[in-house]
Structure formats: C-alpha cells, structure tokens
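Please look through the structure shown here, beginning with its overall dimensions and then turning to its surface, its charges and its aromatic rings.

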Amino acid sequence: DQGSVVSNRLDLVTEFDAVWRDMLGVRFSAAGWYDHAYSGKSDHPGLNKYYPGGPANTWGALSAKVGRYTDTTEEYHYLGGEVLDAFAFAQFELGDIAGNFRAGRHTVFWGNSLAVGGATHGIAGSMTSLDLGKALSVPGIDAQELFMPSSKLSTVLQLTNNLTLNAYWSLEYQENRLAQMGSYFSATEIVTDDAEFLVARPGSAAGSPRFGLVKTGDETPDAKDEWGINLLYYFDAWGLDASITYLNYNDKLPHGIAGYQGLPDPLQPDAVGVGEFKWIYKDDIDLYGISLNKEIAGFSMGLDFVRRENTPLPADLAAVAGLTQAQFDAADSSNYVGPVGDTNHLILNGTYILPPAKLYQGGSFLFEVTASWLDKVTENEEKLNPVISEDRVATSAQLVFAPQWFQVLRSTDLTMPL
C-alpha cells in the first residue's frame with residue numbers, strides 16, 4: 001500500500017580469524033537478519049489490476065495463498081541467517097615466488113566492478129554469484145557487498161615484482177539470489193528461487209481458476225567444470241595495471257526456461273496445472289577479458305572489455321515453453337534448448353575521494369557506465385527474444401555521491417549515498 005514501510009531491517013555479521021606465524025590460518029564469518037516489515041501479511045492486492053482486460057489472478061505460488069509469504073521469501077527477507085566465509089589459507093614461498101592458497105567458502109573476483117551494472121556485465125559477476133535482491137534494497141551499495149562466497153580452491157602467485165598470476169577452481173555451484181516472490185522488489189513471480197506456477201491464463205475477478213505450468217526441479221551445472229586464470233602486470237612508467245583473464249564458467253542468471261503443455265490437472269480450487277516448466281542454467285561458457293586501471297586527475301579509473309562465447313541469450317517465452325515432453329525431459333545444462341551466442345561488454349568506471357568540506361567531512365563519488373551488444377547467434381536463433389538483435393546496444397549508467405561524517409556518535413560514522 002502507498003506509504004507502507006517496505007523494509008525495517010536489522011543485520012548482524014560475526015567474524016573469526018586465527019593465524020599462526022603469518023603462514024597458516026582460518027577464517028569464519030556468518031550473517032543473520034530480521035526485517036519487521038515482513039513479520040505479518042503482505043500488501044499483495046490479490047488481483048493484478050494492471051493486467052490487460054481488467055483485474056486478474058496471476059499469483060505464482062501454490063504453497064502460499066495471496067497475502068502470505070512462501071517459506072523461501074520468509075527465509076531471505078524476514079528472518080534468517082547463513083554462513084559466509086569458512087576457509088583455510090596458507091602463505092608460502094617457492095624460491096623468489098611468494099604466494100598464497102585458500103580452500104573452502106570464500107570469494108574471488110577480478111576486473112573492475114563498482115556497482116551492480118559492472119558486476120553483472122563484467123568479469124566478477126561470472127566468477128561469483130550476486131545477491132541482486134540486496135542490490136535493489138540497499139541504495140548505493142558497492143559491488144563487493146553483492147558477492148556471495150562459495151566453496152572453491154584459489155591461489156595467488158607473485159611471479160615478479162610486477163607480474164601476478166591468479167587462479168581458481170570452483171567446488172560449488174550457486175545461482176544469483178533474486179528478490180523473492182511477494183517481496184517489495186520482486187520483479188516477476190517466476191524468476192525467483194521459490195517460483196512455483198507460471199500462469200498461462202489468469203483467473204478472473206469472479207473466481208474462475210488460473211491455468212499454468214507447475215515448476216519442477218531446476219537444471220544446474222556441475223560446479224567442478226568452472227575455473228579461471230588471470231595474469232596481472234604493473235607498468236611502472238605509466239602507473240598502469242593491465243590484466244588478461246580467461247574463465248570457463250556456468251551461467252548464474254535465469255536465462256533459460258523450458259516448458260511443455262499437458263492435460264489439465266486441478267491442483268487447488270483456484271489453480272489448474274496444464275504442464276510443467278523449469279529453469280536451466282547453461283554450462284561451458286567462455287569468457288575473455290582485458291582490464292586496465294590507472295589514476296587520472298584524482299580519479300581511480302577502471303576499464304574492462306569482456307567477450308562471452310557460447311553464452312545463453314534471452315528467449316522468446318512462447319518458443320521455449322512449447323516443447324514436447326520428451327524435449328523437456330532431455331533439456332539440461334549441457335543440452336540447452338534456448339538461444340546461444342557471443343556477446344561483448346564494456347565497463348568504464350571511476351572513484352574520487354571527497355576532501356573535507358563545509359557540508360561533509362569526507363566521502364566518495366563514483367560513476368559506472370556499461371555497454372553490451374550481441375555479436376552473433378550460434379544456436380537456436382529461432383527462439384531468440386525478438387527485442388534482441390545485433391544492431392542494438394544496451395547501456396546503463398550509475399552515479400553515487402556518498403558524503404560521510406565521522407564520529408557522529410561514539411565509534412559511529414554516518415554515510416549518506418545519493
């Protein structure tokens with residue numbers, strides 16, 4: 001309802017580190033949250049008043065009635081917790097080469113990502129899962145706060161004073177986390193962890209049932225197929241960091257959907273199933289990246305060029321939801337039924353540290369611009385979403401001005417991102 005509180009949240013984070021002789025150690029961290037705004041019923045109106053032809057029942061859940069939250073929505077938005085970091089690490093030297101090694105749940109990211117746009121289009125968002133629900137609910141959030149730890153092995157080798165080698169191998173697959181069904185920032189009721197029902201024909205205001213596809217288990221890739229390597233060199237004469245990256249990774253966004261239509265199956269008084277659908281997360285995507293970093297006129301500037309090959313593309317829903325049951329059963333991460341192609345992405349960003357002024361004591365200003373375009377479609381071009389074409393460039397821009405005041409209360413600083 002207009003004027004209602006959409007978030008009244010308390011977050012707690014705990015951390016533990018133990019290090020022996022600066023050589024071996026362990027790190028553990030966990031987070032918990034409580035949001036009073038989700039403690040009761042939701043303000044979902046029950047009928048979609050924006051549906052063409054008049055108000056209609058388009059509710060996408062079967063386990064929760066309209067006005068109630070699903071279990072997954074309550075876990076991520078109302079009351080829950082999770083383990084973040086849980087890894088062991090070692091520092092070592094091999095002759096003139098210094099290095100470190102990590103094993104367990106942690107985050108590794110390369111390239112230049114300051115905000116959600118750079119994280120999604122850049123290198124980092126292909127290496128690690130993103131908490132996109134948090135991106136929508138926290139104004140001015142930094143990209144690094146969106147990265148979700150997962151189990152992996154990683155290493156950093158300082159080959160020379162100027163040359164660094166980075167590498168990782170994933171042991172756990174984890175898709176991006178979206179705003180859950182029925183939450184304030186949920187964009188649609190099927191693109192969530194707890195999606196249950198894809199409405200094909202909505203129910204009427206008079207009480208006729210909605211017809212749709214029932215969700216089965218998602219098709220996810222093998223985590224052990226995901227790895228990457230990065231080579232970073234610092235050019236002293238130019239004050240320039242330059243790196244090249246290669247990843248073989250698995251898709252973490254819900255690009256791929258498959259469905260088939262069957263005989264009507266009454267599920268509830270207001271819901272009739274007419275088939276099944278599932279999300280498919282494609283595997284074996286190649287990423288090639290070039291990253292540059294340099295300070296220019298007081299700005300710490302970053303530039304990434306990223307090319308993805310064999311990557312999933314947005315599909316025409318009617319084409320991928322009209323499969324035969326045999327095609328549906330055979331579809332998985334390796335047998336991908338949606339459109340596939342090659343894309344290019346450009347990310348430019350910069351950060352400026354604000355000096356003290358009359359209105360604030362410090363802070364930062366950042367900008368980030370992204371551009372992405374389709375190079376070519378290599379598979380299933382007939383299923384491509386018609387809004388996607390090779391002559392279109394998708395762009396985004398974000399500016400964040402974040403003044404800061406120190407010690408406004410004892411041991412408390414205040415930041416106001418705009």
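In this predicted model, the chain has 418 residues, for which a compact globule would have a radius of gyration near 22 Å, and the 24 Å of the chain agrees with that expectation. The C-alpha trace spans about 70 × 55 × 45 Å along its principal axes, and the secondary structure within it consists of six helices and 22 strands. Among the contacts with a separation of 6 or more, 66% are accounted for by residues 24 or more positions apart.

Turning to the surface, 42% of the 418 residues count as buried, while the chain exposes about 21500 Å², of which carbon and sulfur atoms supply 57%. The chain carries 27 positive and 52 negative charges, and the mean positions of these two sets are 5 Å apart.

The aromatic rings offer a more local view. With ring centres required to lie within 6.5 Å, the count comes to 16 aromatic pairs. Tyr184 and Phe185 form one such pair, with 4.9 Å from centre to centre and 90° between the planes, an arrangement that is edge-to-face. How accessible are the two partners, Tyr184 and Phe185? Tyr184 counts as exposed because its relative accessibility is 53%, and the limit for that class is over 50%, whereas Phe185, at 32% relative accessibility, counts as partly exposed. Elsewhere in the list of aromatic residues, Phe299, Tyr352, Phe365 and Phe367 form one aromatic cluster.

Terms used:
Residues numbered from 1 in each chain as written. Predicted model: local features only at pLDDT ≥ 70, side-chain atom pairs only at ≥ 80, totals over all residues. Heavy atoms only, no water. Helix = DSSP H or I, 4+ residues; strand = E, 2+ residues; numbered from the N terminus. Rg over C-alpha atoms; globule rule 2.2 N^0.38 Å. Buried < 20%, exposed > 50% of the residue type's maximum accessible area, 1.4 Å probe, protein only. Contact = heavy atoms within 4.5 Å. Areas by Shrake-Rupley, 256 points an atom, 1.4 Å probe, with all protein chains shown as cover. Lys, Arg positive; Asp, Glu negative; His and termini not counted. Charge placed at Lys NZ, Arg CZ, Asp CG, Glu CD. Phe/Tyr/Trp six-rings, centres within 6.5 Å; stacked < 30°, edge-to-face > 60°.
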